[in-house]
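Good morning, and thank you for the opportunity to speak. I shall present one chain, beginning with its overall form and then turning to a single residue.

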Amino acid sequence: MPMLDEQGCLTSEGIAAVRSAAPGALDADLAAHLSACDRCQSRVLSDGVPRLTRAKPPTYNATLVVFVAIVLAIVTLVLALRILAR
Ligand SMILES: [Zn+2]
């Protein structure tokens with residue numbers, strides 16, 4: 001079974017070979033490729049599980065709601081202080 005595909009990246013068999021190899025006993029060609037290829041490193045380390053995606057930043061609407069809430073809180077505080085100052 002080929003351990004590297006036509007693009008030079010690890011096949012499923014290659015990834016299985018990397019995972020099952022004893023430390024220092026991996027085939028030199030596989031080790032050389034793995035040391036230089038982020039994609040294959042990620043595939044070996046993720047165990048086929050897709051990477052977690054980053055949390056999305058707050059939407060514009062959420063930012064607007066927070067901004068309006070802060071402005072309302074400030075207005076309420078100013079009105080309360082004006083009433084108390086009488
Ligand atoms: Zn690769």
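**Overall form of the chain**

Please note at the outset that this is a predicted model. The chain contains four helices and zero strands. Following the sequence from its start, we therefore read the pattern as α-α-α-α.

How does this chain compare with a compact globule? Its radius of gyration is 28 Å, whereas the globule rule gives 12 Å for 86 residues; the value is well over that figure, so the chain is more spread out than a compact globule. The box filled by the C-alpha atoms, taken along the principal axes, is roughly 85 × 25 × 20 Å.

Two further figures describe the chain as a whole. Of its 86 residues, 5% count as buried. If we consider contacts with a separation of 6 or more, 38% of them join residues 24 or more positions apart.

**One residue: Glu13**

I now turn to Glu13, which belongs to helix α1, spanning residues 12-20. Why does Glu13 count as partly exposed? The reason is that Glu13 has 13 C-beta neighbours inside 10 Å, and a residue is called exposed at 12 or fewer and buried at 20 or more.

Which residues does Glu13 touch, leaving aside its neighbours within four places in sequence? Glu13 is in contact with Met1 and Met3. As for Leu26, it stands 13 residues from Glu13 in sequence, and the distance between the two in space is 13 Å, C-alpha to C-alpha.

That concludes my presentation. Thank you for your attention.

Methods
Residues are numbered from 1 along each chain as its sequence is written. This is a predicted model: local features need pLDDT of at least 70, side-chain atom pairs count only at pLDDT 80 or more; totals for chains, interfaces and linings use all residues. Helices (H or I, at least four residues) and strands (E, at least two) are DSSP runs, numbered from the N terminus. The radius of gyration is taken over C-alpha atoms; the globule rule is 2.2 Å times the number of residues to the power 0.38. Two residues are in contact if their C-beta atoms, placed from the backbone, lie within 7 Å.
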